[in-house]
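Visitor: I have the sequence and the structure open and would like to go through the helices and the core with you. Could you take my questions one at a time?

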Amino acid sequence: MAATTPIITDLKGKRVLITGGSAGIGKAAAFAFDANGCSVAVLGRRLDRLDAVAQQLQRGVSIEADLTKEEDMKRAVQEAIDKLGGLDILVNSGGALSDDMYGGGEAAFIAALKLHVTGNLALIRAAEKELIKNKGSVVNISSVAAIIPNQPTIQAYGAAKAAQDKLTQDLAFEFAAKGVRINSILPAAINTEVFDNLAATRGEPKDAILGKLAPLHAMRRVAEAHEVAAPIVFLASNAASFITGVNLRVDGGATLGYWFNYAPLLE
């Protein structure tokens with residue numbers, strides 16, 4: 001059963017910055033916060049797509065920036081504060097498994113860490129004073145790749161996501177006494193534009209690819225983006241006021257070892 005957007009009263013009027021807001025989980029989160037009466041800034045590198053999302057929001061703005069550039073992060077946070085009138089919530093959804101992260105070489109690991117670890121850190125540090133002032137919250141989007149073994153071609157991505165989860169916990173510990181909560185979400189396979197692109201590259205129907213992934217989840221299906229957006233909204237709100245430093249699996253049971261128990265030899 002698909003998740004519905006949770007409506008949490010205390011979110012009304014909050015100012016939210018979402019990286020990776022033009023597609024996938026970030027886009028779904030933007031609509032979820034918008035439904036809760038928030039003002040939302042979507043950040044990314046493709047301004048035309050950001051504008052298309054922002055125009056569908058009741059109180060939306062777009063910010064063009066590169067997550068791998070620290071100066072861009074500082075400028076983007078200030079731009080969000082100026083456009084929204086402040087900042088209460090930061091959602092770091094701007095990760096990706098890009099072409100330069102494939103393979104087991106040093107360059108792949110550096111590229112993955114730069115986007116998912118140092119990029120997230122730069123953004124949080126840039127927003128630090130504003131988040132402390134407003135007793136805000138941060139939600140980082142990680143991946144189950146952080147906690148399951150990965151093929152050699154994507155080990156850099158998995159290692160970076162594991163480092164991102166550790167960073168979430170360390171920063172949560174640092175910021176807790178300052179009134180700022182920091183958590184992360186670990187999704188498994190999500191039906192997003194990533195699989196549209198993969199289908200086009202492989203010349204294989206998207207449904208066929210998702211069908212192969214479905215049995216790797218105990219719930220026997222992949223998720224829709226709004227099913228990840230719902231717990232993002234929860235963790236960002238005062239409904240989660242005593243939750244910090246949590247790396248929450250939103251994975252349909254993919255990390256329960258279901259792929260092993262489902263193997264034919266055990267049937």
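Visitor: Is the crossing of α3 and α4 left-handed or right-handed?
Guide: This is a predicted model, in which local features need pLDDT of at least 70 and side-chain atom pairs count only at pLDDT 80 or more, while totals for chains, interfaces and linings use all residues. Residues are numbered from 1 along each chain as its sequence is written, and side-chain values use heavy atoms, with hydrogens and water left out. A crossing counts as left-handed if the near helix is turned anticlockwise from the far one by less than a right angle, and as right-handed if clockwise. By that convention the crossing of α3 and α4 is right-handed.

Visitor: At what angle do α3 and α4 pack, and how far apart are their axes?
Guide: Two packed helices are described by the angle between their axes and the distance between the axes. The axes are lines fitted to C-alpha atoms, for helices over the stretch in contact, and angles run from 0 to 180 degrees between N-to-C directions. For α3 and α4 the angle is about 40 degrees, and the axes are 9 Å apart.

Visitor: Which residues make the contact between α3 and α4?
Guide: Contact means heavy atoms within 4.5 Å, and helices are DSSP runs (H or I, at least four residues), as strands are (E, at least two), numbered from the N terminus. On the α4 side the contact is made by G119, A122, L123, A126, A127 and E130. On the α3 side the residues are E70, M73, K74, V77 and I81.

Visitor: Why do the buried residues of α3 line one face of the helix?
Guide: Buried means under 20% relative accessible area, exposed over 50%, and partly exposed in between (1.4 Å probe, protein chains only), and the buried residues of α3 are D72, M73, A76, V77, A80, I81 and L84. On the other side of α3, E71 and D82 are exposed. The arc is that of the directions from the helix axis to the C-beta atoms, and the buried residues line one face because, seen down the axis of α3, they fall within an arc of 165 degrees.

Visitor: What covers the buried residues of α3?
Guide: The cover includes both strands and a helix. The strands named are β1 (15-19), β2 and β3 (60-64), and the helix is α4.

Visitor: Which element gives the most to the largest nonpolar core?
Guide: A nonpolar core is a set of buried Ala, Val, Leu, Ile, Met, Phe, Trp, Tyr and Cys residues joined through side-chain atoms within 4.5 Å. The largest one has 36 residues, and L17, L43, I63 and I182 have the most contacts inside it. At least two residues of this core come from each of β2 (39-44), α3 (70-84), α4 (106-133) and α5 (155-175). The element that gives the most, with 10 residues, is α4.

Visitor: Is E128 buried or exposed?
Guide: E128 lies in helix α4. Leaving aside neighbours within four places in sequence, E128 is in contact with E174, F175 and K178. With a relative accessible area of 17%, E128 is buried.

Visitor: How many residues of α1 are buried?
Guide: Helix α1 (residues 24-35) reaches 17 Å from its first C-alpha to its last, close to the 16 Å expected at 1.5 Å a residue, where the expected span is 1.5 Å times one less than the number of residues. Among its buried residues are I25, A29 and F33. The helix is mostly covered, and the buried residues number 9 of its 12.
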